[in-house]
Amino acid sequence: MSNRTHSLFRRSALARAVGVIGAAAATAALLTSCAAGDGDAGSDGSTTGTITLQTWALTPKFTSYLKGVASDFEKAHPGAKVTLTDQPGDGYAEKVLSQAASGSLPDVINLPPDIAYPLAKRGFLADVGAGSSELEKTYVAGALDAYEYKGLDGAYGYPWYLNTDVNFWNTTMLSACGLDPAAPPATTDQLFEQAATMHAACPDDYLMSRKPGLGDFTLAGVDVLNSDGTKFVFADSAKAAELLERYTAAYRDGLLPPSVLNSDYLGNSTLFTQGKVAWTTGGATSLADFEKNNPSLKGNVAVSAALDTPPLYVQGVSVSAKSKHPATAKAFADFLTNAKNQEAFARLVNIFPSTVSSQSDPFFSKDDGTTNGRARVLANEALKTAENLTPVQANSAMTTVLDQQIALAMKGDVSAKDALQTAQNKMNSLLANG
């Protein structure tokens, strides 16, 4: 997804691509040797002192906004000063881990849940929920859950801004292949059913065009991790093998493009844009990109809510456990992520606030009668139940292993059960060594 909206949220994929946990392992000696301090040294608990906010590739485009928030905070707290710094997109995970290892972690840091996790695990982030009963009332449940990790007590980030996926359907293809564009699939079961109907009517066209992943196992009710987050356990569930067998049968029966198992597979979003498949997922504003890249789609795309449980993409801000001014750092992180400031930010870029009260704002909740407006309302509503479907412990090396085994099973080279067990064994080895 090339639009600015999803560049802000697919950074979790970038973090995995650069190997967050792998990077943590590479600096493990440094991280563990730098034991977390008490976090209160040099502070009397007052909201004073100079703190630094570090953002991730948000300047220069949003410099004015960030300066405005900092200025407003300083006016409300005359003894406080906020210094702004920004890091480029590439290599951000390694940069943050290096800062932690060298004792130079900024007071307030823009972190998605997967980059925050290794820092929280090693005591470098403050539990921002300690002593507060307001977080659960303030933030969307799934967003706050994203910073509450298995095996750790507390919450290690204030949710800042969110997004989720909605479904996009090529109505021309659906109509031509015996499906009703006004009643697209609402569940995974219905997706398989309608994919079979479409294939029977149009053997060379496709509704489905993707392999399953960890998120799909979560949606199927499979426990992906054990209770303390130390082992993957998805292969222990018969439901996981049943789901993979279902995809294997669909691939064998021609319900998915043959290229879906290739290493150079373009992805269902690209195939949808090219008019080769009838369904894809994307953010609420993805339609503009689809139509820009293929004008023939204009007026021929319908939207609907995500299948089953919507996925949640989260960006947040965490507080360093070593901040010299922890009260000021927490107060600013809370201020940056309050409803007023989040709503103002969301009007500048295609994102959604994480604050519960913002969901009733007409800007996000009112349908203006356009497909884009409908997509925005659907996404806003979905955030009430959206969840982070892929655990933060699963880095890119692990998901690559799983993807390879899933491909082997779908080709018929190994059984679903054996493929999942092999993937789980390798993923647990990587997890133990990370």
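The lining of the second largest pocket in this predicted model is made up of eight nonpolar, five polar and five charged residues. The pocket itself has a volume of about 470 Å³. Of the 18 residues that line it, Lys150, Asn388, Leu389, Thr390 and Pro391 are the closest to the centre.

From the pocket we turn to the packing of nonpolar side chains. In soluble globular proteins, nonpolar side chains tend to be buried together. Here the largest nonpolar core has 77 residues, and the members that touch the most other members are Leu111, Leu125, Phe332 and Phe345. A second, separate core holds 47 residues, with Ala235, Ala394, Met398 and Leu402 among them.

Phe345 is a useful residue from which to look around. Leaving aside residues up to four places away in sequence, Phe345 touches Leu58, Phe62, Tyr65, Trp160, Tyr161 and Ile351. Several of these names return when the rings are considered, since ring pairs link Phe62, Tyr65, Trp160, Tyr161 and Phe345 into a cluster.

In total, the structure holds 19 aromatic pairs. One of them is formed by Phe73 and Phe332, whose rings meet edge-to-face, 5.1 Å centre to centre and with 75° between the planes. This pair links distant parts of the chain: Phe73 belongs to helix H5 (residues 63-76) and Phe332 to helix H16 (residues 326-336), and the two are 259 residues apart. Phe73 and Phe332 are both buried, and Phe332 has already appeared as one of the residues with the most contacts to other members of the largest core.

Another edge-to-face pair joins Phe168 and Phe290, with 5.3 Å centre to centre and 80° between the planes. Phe168 sits in strand S5 (residues 166-170) and Phe290 in helix H15 (residues 286-293), so that this pair too links distant parts of the chain, 122 residues apart. Are these two rings buried or exposed? Phe168 counts as buried because its relative accessibility is 0%. Phe290 counts as buried as well, because its relative accessibility is 4%.

The loop that follows helix H15 can be taken next. Asn294 lies in the loop between H15 and S7, and counts as buried because its relative accessibility is 15%, where the limit for buried is under 20%. Apart from residues up to four places away in sequence, Asn294 touches Thr273, Gln274 and Gly275.

The remaining points concern the backbone. Most residues other than glycine have a negative phi, and most peptide bonds are trans. Where does this model depart from that pattern? The loop between S1 and H5 contains Ala57, which has a positive phi of about 55° although it is not a glycine. Ala57 is partly exposed, because its relative accessible area is 23%. Pro60 also has its place in the loop between strand S1 (49-56) and H5, and a cis peptide bond with an omega of about 10° joins Thr59 and Pro60.

A positive phi of about 55° is found at Asp308 too, again in a residue that is not a glycine. Asp308 is placed in the loop between strand S7 (301-305) and strand S8 (313-319). With a relative accessibility of 35%, Asp308 counts as partly exposed.

Key
Residues are numbered from 1 along each chain as its sequence is written. This is a predicted model: local features need pLDDT of at least 70, side-chain atom pairs count only at pLDDT 80 or more; totals for chains, interfaces and linings use all residues. Side-chain values use heavy atoms; hydrogens and water are left out. A nonpolar core is a set of buried Ala, Val, Leu, Ile, Met, Phe, Trp, Tyr and Cys residues joined through side-chain atoms within 4.5 Å. Buried means under 20% relative accessible area, exposed over 50%, partly exposed in between (1.4 Å probe, protein chains only). Contact means heavy atoms within 4.5 Å. On a 1 Å grid over the protein atoms alone, a cavity is a set of points where a 1.4 Å probe fits but cannot get out, and a pocket is an open set with protein on both sides within 12 Å along at least five of seven lines; lining residues have an atom within 4 Å of a point. Grid points are joined across faces, edges and corners, and a volume is the space filled by probe spheres set on the points. Ala, Val, Leu, Ile, Met, Phe, Trp, Tyr, Cys and Pro count as nonpolar, Asp, Glu, Lys and Arg as charged, and the others, Gly among them, as polar. Rings of Phe, Tyr and Trp (its six-membered ring) pair if their centres lie within 6.5 Å; planes under 30 degrees apart count as stacked, over 60 as edge-to-face and the rest as tilted. Helices (H or I, at least four residues) and strands (E, at least two) are DSSP runs, numbered from the N terminus.
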